[in-house]
Amino acid sequence: MGHDTSNHSSRLLLDQITDKWSVLILMALCDRPLRFNEIKRCLDGVTQKALTQSLRRLERSGILARRVIPSSQIAVEYSITPLGRTLEGPFTALFAWTVDYSPQVLQSQAEFDQRAI
């Protein structure tokens with residue numbers, strides 16, 4: 001690959017966009033903008049605090065946009081920005097890899113666990 005992995009700002013950004021919830025949030029928003037509770041329902045096990053922190057981090061980085069929808073109740077909708085859309089290809093490829101190679105990974109884990117006993 002030959003990439004310089006010592007660049008501090010690149011590592012920080014990589015941590016921000018590849019953490020567990022950020023990837024799932026972006027995959028959930030690929031098709032259409034969603035409100036906070038819709039995103040929360042898509043992400044099994046996410047806490048309100050973790051979701052709020054991830055959404056803020058992605059918005060701060062310019063990957064998501066937050067829009068307040070004026071209605072009888074205040075609603076907030078999140079969508080992927082053009083910058084965020086550039087992650088769709090790599091994240092889709094990563095997700096496809098997990099689907100394609102999950103059986104091999106599970107087999108390797110089982111073999112390792114047997115040796116570790």
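**Figure 1. Arg-41 in helix H3.** Arg-41 sits in helix H3, which covers residues 36-42. This is a predicted model, so take each close-up in that spirit. With a relative accessible area of 65%, Arg-41 is exposed, as the cut-off for that label is over 50%. Pick Leu-24 as a reference point: Arg-41 is 17 residues away from Leu-24 in sequence, and their C-alpha atoms are 12 Å apart in space.

**Figure 2. The protein as a whole, for orientation.** Before zooming in again, here's the layout: the protein has six helices and three strands. Reading from the N terminus, the order of elements is α-α-β-α-α-β-β-α-α. The radius of gyration is 17 Å, while the globule rule gives 13 Å for 117 residues, so the protein is more spread out than a compact globule. Laid along its principal axes, the C-alpha trace spans about 60 × 35 × 25 Å. Of the 117 residues, 26% count as buried. The protein exposes about 8600 Å², and carbon and sulfur atoms supply 55% of that area. As for contacts between residues at least 6 apart in sequence, 49% of them join residues at least 24 apart.

**Figure 3. Ser-54, tucked into helix H4.** Ser-54 belongs to helix H4, and at 2% relative accessibility it counts as buried. What does Ser-54 touch, once residues up to four places away in sequence are set aside? The list is Asp-19, Trp-21, Ser-22 and Ile-25. For a sense of scale, try Ala-116: it is 62 residues from Ser-54 along the chain, and 36 Å separates the two C-alpha atoms.

**Figure 4. The Arg-57 to Asp-19 salt bridge.** The count of salt bridges comes to four, and one of them pairs Arg-57 with Asp-19. Their closest N and O atoms are 2.8 Å apart. Arg-57 is in helix H4 (residues 48-60), while Asp-19 is in the loop between helix H1 (8-18) and helix H2 (20-29), so the pair ties together parts that are 38 residues apart in sequence. Arg-57 is partly exposed, with 28% relative accessible area. Asp-19 also turns up in the previous view, among the residues that Ser-54 touches.

**Figure 5. Glu-77 and Arg-67, strand to strand.** Here the side chains of Glu-77 and Arg-67 meet in a salt bridge, with an N to O distance of 3.0 Å. Glu-77 comes from strand S3 and Arg-67 from strand S2 (residues 64-69), so this pair ties together parts 10 residues apart in sequence. Are the two partners buried or partly exposed? Glu-77 is buried at 19% relative accessible area, since the cut-off for buried is under 20%. Arg-67, at 45% relative accessibility, counts as partly exposed.

**Figure 6. Thr-81 and its backbone partner.** Thr-81 is found in the loop between strand S3 (75-80) and helix H5 (82-85). Its relative accessibility is 14%, so Thr-81 counts as buried. Which backbone oxygen does the Thr-81 side chain reach? The oxygen belongs to Gly-62, at 2.5 Å. Leaving out residues up to four places away in sequence, Thr-81 touches Gly-62, Ile-63, Leu-64 and Ala-65.

**Figure 7. Glu-88 and Arg-85.** Another salt bridge joins the side chains of Glu-88 and Arg-85, at 2.9 Å from N to O. Glu-88 counts as partly exposed at 30% relative accessibility. Arg-85 is partly exposed too, with a relative accessible area of 35%.

**Figure 8. A nonpolar patch with Trp-97.** Trp-97, Tyr-101 and Val-105 make a nonpolar surface patch of about 280 Å². Trp-97 is in helix H6, which covers residues 88-116. At 44% relative accessibility, Trp-97 counts as partly exposed.

Notes. Residues are numbered from 1 along each chain as its sequence is written. This is a predicted model: local features need pLDDT of at least 70, side-chain atom pairs count only at pLDDT 80 or more; totals for chains, interfaces and linings use all residues. Side-chain values use heavy atoms; hydrogens and water are left out. Helices (H or I, at least four residues) and strands (E, at least two) are DSSP runs, numbered from the N terminus. Buried means under 20% relative accessible area, exposed over 50%, partly exposed in between (1.4 Å probe, protein chains only). A polar contact is a pair of N or O atoms within 3.5 Å; within protein, one must be able to donate a hydrogen and the other to accept it, and residues adjacent in sequence count only if both atoms are side-chain atoms. Contact means heavy atoms within 4.5 Å. Patches are made of residues with over 30% relative accessible area and no salt bridge: like charges are joined within 9 Å, nonpolar side chains (Val, Leu, Ile, Met, Phe, Trp, Tyr) within 5 Å. Accessible areas come from the Shrake-Rupley method with a 1.4 Å probe; for residues, only the protein chains shown count as cover. The radius of gyration is taken over C-alpha atoms; the globule rule is 2.2 Å times the number of residues to the power 0.38.
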